[in-house]
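Okay, thanks for coming, everyone. I'll put the model up and then walk you through it piece by piece.

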Amino acid sequence: MRRKTSLVLLALAVFFAALSPLLRWYAFPRLAKIPANQYQDMVLEAKDATLIDYNDGMKAKKVPKVTIVQTLKGNAEASKEIEKTAGKDVVVWDGLSYVVGPDGKMVSKIPERYIFDAHTQDPVHATGESVDGDPVKRVGIEFKWPFLTEKRDYQYFDAQARTSAPIHYRGTQNFRGVDVYYFEQTIPWTKVPFPKTMPVQGITPASLAKTGTTRWYTTVRKFWVEPLTGAPVYGEELHKEELRGGTLLGGRDKVTVFAGDVKMREDYIRHTVDLVKSNRTLVLLMTSYLPWGFLILGLLLLALSLWLEARSRRPAATKVEEPEPVTA
């Protein structure tokens with residue numbers, strides 16, 4: 001009976017020991033994916049900002065607040081179409097950055113289509129990849145870091161400049177009870193296109209080009225990223241835009257279009273931190289808790305199996321009978 005039990009325990013030990021690396025290295029890359037139909041939004045604010053007033057001689061004025069609403073909507077149908085030729089799980093995000101002034105009127109809106117690998121977050125180049133209607137070919141990440149983010153620099157795509165640049169790892173911090181990696185990217189003053197949709201009726205990028213006036217932009221981009229999920233729990237930008245030269249400025253060299261410290265709104269910070277904490281537990285289950293648990297369980301079962309096998313091989317003790325007394 002002990003021999004049979006030890007064999008069963010040995011089989012279970014082998015099963016759990018084999019399951020440990022399979023869960024981590026085979027199941028995790030196939031299960032940890034961004035859903036194709038995910039929808040998320042984010043509200044950011046720049047308080048005490050500088051904003052151009054197109055109706056008052058294009059002067060830069062101080063305003064109490066500028067609001068930026070960012071939405072990312074998963075396009076499941078487009079994902080399925082691209083997956084036919086990509087040979088991998090693909091996510092298509094249709095994004096929109098919508099900027100609103102203190103009066104509630106639109107300042108600018110820039111749509112994007114971001115196509116990427118559902119697990120690694122590497123860009124997938126396909127028809128439709130664009131920023132504000134302009135075709136682009138992204139290099140590096142945007143919006144989200146990969147699962148199991150490393151302590152290193154990454155290439156991060158800048159939608160304004162339509163190019164990628166390094167975003168640098170600056171250290172590990174604790175943000176509201178979550179250990180995060182802090183990343184920072186500086187985009188120097190760069191000439192960038194005008195948005196296709198302008199806040200003033202009748203003004204288009206083509207009409208602005210005729211005046212010789214150009215648009216310039218710089219930013220310091222900051223992200224606090226939870227490394228297991230690769231999700232930013234907080235973001236901030238020191239953002240500046242200017243119009244330079246041309247006849248549109250009436251002899252002025254440059255005019256500030258927008259300048260402000262853009263930060264996530266408090267309610268969205270709380271929601272994001274709570275969401276990341278719950279998702280972090282799921283990633284830990286697949287990468288740490290279950291693989292190590294199965295490995296330890298396998299070793300314990302192996303030890304128990306060997307112990308029972310050793311006991312079954314131990315010879316049983318024999319009873320020695322005492323000799324009967326001799327009688328005359």
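So, start with the hairpin made by strands E1 and E2, which has 5 residues between the two strands. Look at Gly-57 in that turn: its phi is positive, about 65 degrees. Before I go on, please keep in mind that this is a predicted model.

Back to the two arms of the hairpin. E1 covers residues 39-53 and E2 covers residues 59-74; they run antiparallel, and 14 bridges join them. If you want to see the register, find Leu-44, which stands opposite Ile-68 in E2. You can also pick out Ala-49, and across from that one in E2 you'll see Val-63.

Now, what does E1 pair with besides E2? That would be strand E12, residues 254-264, again running antiparallel, with 5 bridges between E1 and E12. A handy marker there is Leu-51, with Phe-258 of E12 opposite. And E2 has another partner too: strand E3, residues 90-100, pairs with E2 in the antiparallel sense over 8 bridges. There, Val-69 faces Tyr-98 in E3 as its opposite number.

Okay, zoom out to the sheet. In what order do the strands sit? Reading across, it goes E6-E5-E4-E3-E2-E1-E12-E11-E10-E9-E8-E7. That's 12 strands in an open sheet, and the pairing is antiparallel. Which strands stand at the edges? Those are E6, residues 134-135, and E7, residues 154-158. Each has a single partner strand, so one side of each is left without a neighbour in the sheet. As a general reminder, strands of a sheet pair through backbone hydrogen bonds, either parallel or antiparallel.

Let's visit a few loops. Between E6 and E7 there's a loop that holds Leu-148. Leu-148 has a positive phi, near 55 degrees, and this is a residue other than glycine. Why does that catch the eye? Most residues other than glycine have a negative phi. Is Leu-148 buried or partly exposed? With a relative accessible area of 27%, Leu-148 is partly exposed.

There's a second case like that. Arg-176 sits in the loop between strand E8, residues 163-175, and strand E9, residues 178-192. Arg-176 also has a positive phi near 55 degrees, again in a residue other than glycine. The relative accessibility of Arg-176 is 41%, so Arg-176 counts as partly exposed.

Then go to the loop between E7 and E8, where you'll find Ala-161. Ala-161 comes out at 16% relative accessibility, and because buried means under 20%, Ala-161 counts as buried. What does Ala-161 touch, once we leave aside its neighbours within four places in sequence? The contacts are Thr-190 and Val-192. If you're tracing distances, Asp-253 is 92 residues away from Ala-161 in sequence, and 22 Å away in space, C-alpha to C-alpha.

Now the helical part. Helix H4 runs over residues 266-313, and Ser-312 belongs to that helix. Where Ala-161 was buried, Ser-312 is partly exposed, at 27% relative accessibility. Here's a pair to look for: Ser-312 and Ser-6 are 306 residues apart in sequence, yet their C-alpha atoms are 9.2 Å apart in space.

Last bit, the whole chain. How many helices and strands are there? The chain has 4 helices and 12 strands. On overall dimensions, the C-alpha atoms fill a box of roughly 145 × 40 × 30 Å along the principal axes. The radius of gyration is 31 Å, whereas a compact globule of 328 residues would come in near 20 Å.

As for the surface, the chain exposes about 18500 Å², and carbon and sulfur atoms supply 58% of that. Buried residues make up 43% of the 328 residues. Of the contacts with a separation of 6 or more, 61% are between residues 24 or more positions apart. And on charge, we have 45 positive and 37 negative side chains, with the centres of the two sets 1 Å apart.

That's my tour, so over to you for questions.

Key. Residues numbered from 1 in each chain as written. Predicted model: local features only at pLDDT ≥ 70, side-chain atom pairs only at ≥ 80, totals over all residues. Heavy atoms only, no water. Pairing = 2+ DSSP bridges. Rg over C-alpha atoms; globule rule 2.2 N^0.38 Å. Buried < 20%, exposed > 50% of the residue type's maximum accessible area, 1.4 Å probe, protein only. Contact = heavy atoms within 4.5 Å. Areas by Shrake-Rupley, 256 points an atom, 1.4 Å probe, with all protein chains shown as cover. Lys, Arg positive; Asp, Glu negative; His and termini not counted. Charge placed at Lys NZ, Arg CZ, Asp CG, Glu CD.
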